[in-house]
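This report describes the fold, the sheet and selected side-chain environments of one protein chain. The sequence and the structure are shown first.

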Amino acid sequence: MNEALRKKYIPMTETIYYTLLALIQPRHGYAVIQYVNVLSGGRITLGTGTLYTMVGRLTADGVIVTLPGREKKTYQITQEGMALLTEETERLERQLADGRKMLSGGVFTVPKRQDEEQAAENSREEVIFV
């Protein structure tokens, strides 16, 4: 994957994330607005200005394409876009798992610093309880 695109889009805004989810299937602009609203449970209501500005940027970056020969301008995610969407979904899954673990009273281990390791060679990790 293009490293410049990764730096630009990861982490991804919620509106871009949901728009890319909507564009796994070809959709025209108004259908994207409706789909994102339903998929997000009404949390995200895209305005036309926001959508078309974002679509222009995503198209210019090769994350989505405009499909030729359609009555309405129709968009679809590219392979590069799908790679970004997959990476972002995996990042969000890790973030969610960490949050759930900590909120349920989980344990998180932090490696000790090198100078602390020399002082306590028998202990390799510091345990933090929430």
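How many bridges join S2 to S3? In this predicted model, four bridges join the two strands, and the strands run antiparallel.

**Overall architecture**

The chain contains six helices and five strands. Starting at the N terminus, the order of elements is α-α-β-α-α-β-β-α-β-α-β. The chain has 130 residues, of which 28% count as buried. Considering contacts in the chain between residues at least 6 apart in sequence, 51% join residues at least 24 apart.

**The three-stranded sheet**

Strands S1, S3 and S2 form an open sheet in the order S1-S3-S2, and the pairing is antiparallel. Strand S1 (27-28) and strand S2 (64-67) are at the edges with a single partner strand each, so each has one side without a neighbour in the sheet. Helix H4 (residues 48-60) packs on this sheet through S2 and S3, and the direction of H4 makes about 100 degrees with that of S2.

S1 and S3 are joined by two bridges and run antiparallel. On this side of the sheet, Arg-27 stands opposite Tyr-75 in S3, and His-28 has Thr-74 of S3 as its bridge partner. Between S2 and S3, Ile-64 has Ile-77 of S3 as its bridge partner. The hairpin of S2 and S3 has six residues between the strands, and Gly-69 in this hairpin takes a positive phi near 75 degrees.

Arg-27 also takes part in a contact of another kind: its charged end sits over the ring of Tyr-35, 3.7 Å from the ring centre.

**Helix H3 and its surroundings**

Helix H3 (residues 29-39) has Gly-29, Ala-31, Val-32, Ile-33 and Val-36 as buried residues. The elements that cover these buried residues include H2, S1, H4 and S3. Just after H3, Gly-41 takes a positive phi of about 65 degrees.

**Helix H5 and its packing**

Helix H5 (residues 79-103) has 25 residues and reaches 36 Å from its first C-alpha to its last, close to the 36 Å expected at 1.5 Å a residue. Gly-81, Leu-84, Leu-85 and Glu-88 of H5 are buried. An α-helix has 3.6 residues a turn, so residues three or four places apart point the same way. The buried residues of H5 pack against helix H1 (3-9), helix H2 (14-22) and strand S3 (74-77). Just after H5, Gly-105 takes a positive phi of about 85 degrees.

**Two buried residues of helix H2**

Which residues does Tyr-17 touch, not counting those up to four places away in sequence? Tyr-17, placed in helix H2, touches Met-12, Leu-85, Glu-88, Thr-89 and Leu-92 when such residues are left out. Tyr-17 has a relative accessible area of 14%, which is under 20%, and therefore counts as buried.

Thr-19 also lies in helix H2. With a relative accessible area of 0%, Thr-19 is buried. Apart from residues up to four places away in sequence, Thr-19 touches Val-32, Val-36, Leu-46, Leu-51 and Met-54. Of these, Val-32 and Val-36 are among the buried residues of H3.

The table gives the separation of each of these H2 residues from one residue elsewhere in the chain.

| Residue pair | Separation in sequence | C-alpha to C-alpha distance |
|---|---|---|
| Tyr-17 and Glu-88 | 71 residues | 8.1 Å |
| Thr-19 and Leu-39 | 20 residues | 10.0 Å |

**An aromatic pair and a cis peptide bond**

A pair of aromatic rings is described by the distance of the centres and the angle of the planes. The count for this model comes to one aromatic pair. Tyr-17 and Tyr-18 form this pair, which is edge-to-face, with 5.8 Å centre to centre and 80 degrees between the planes. Tyr-17 and Tyr-18 are both buried.

Where does Pro-11 lie? Pro-11 is found in the loop between H1 and H2. The peptide bond that joins Ile-10 and Pro-11 is cis, with omega of about 0 degrees.

Methods. Residues are numbered from 1 along each chain as its sequence is written. This is a predicted model: local features need pLDDT of at least 70, side-chain atom pairs count only at pLDDT 80 or more; totals for chains, interfaces and linings use all residues. Side-chain values use heavy atoms; hydrogens and water are left out. The expected span of a helix is 1.5 Å times one less than its number of residues. Buried means under 20% relative accessible area, exposed over 50%, partly exposed in between (1.4 Å probe, protein chains only). Contact means heavy atoms within 4.5 Å. Rings of Phe, Tyr and Trp (its six-membered ring) pair if their centres lie within 6.5 Å; planes under 30 degrees apart count as stacked, over 60 as edge-to-face and the rest as tilted. A charge sits over a ring if NZ of Lys or CZ of Arg is within 6 Å of the ring centre and within 35 degrees of the ring normal. Two strands pair if DSSP finds at least two bridges between them. Axes are lines fitted to C-alpha atoms, for helices over the stretch in contact, and angles run from 0 to 180 degrees between N-to-C directions.
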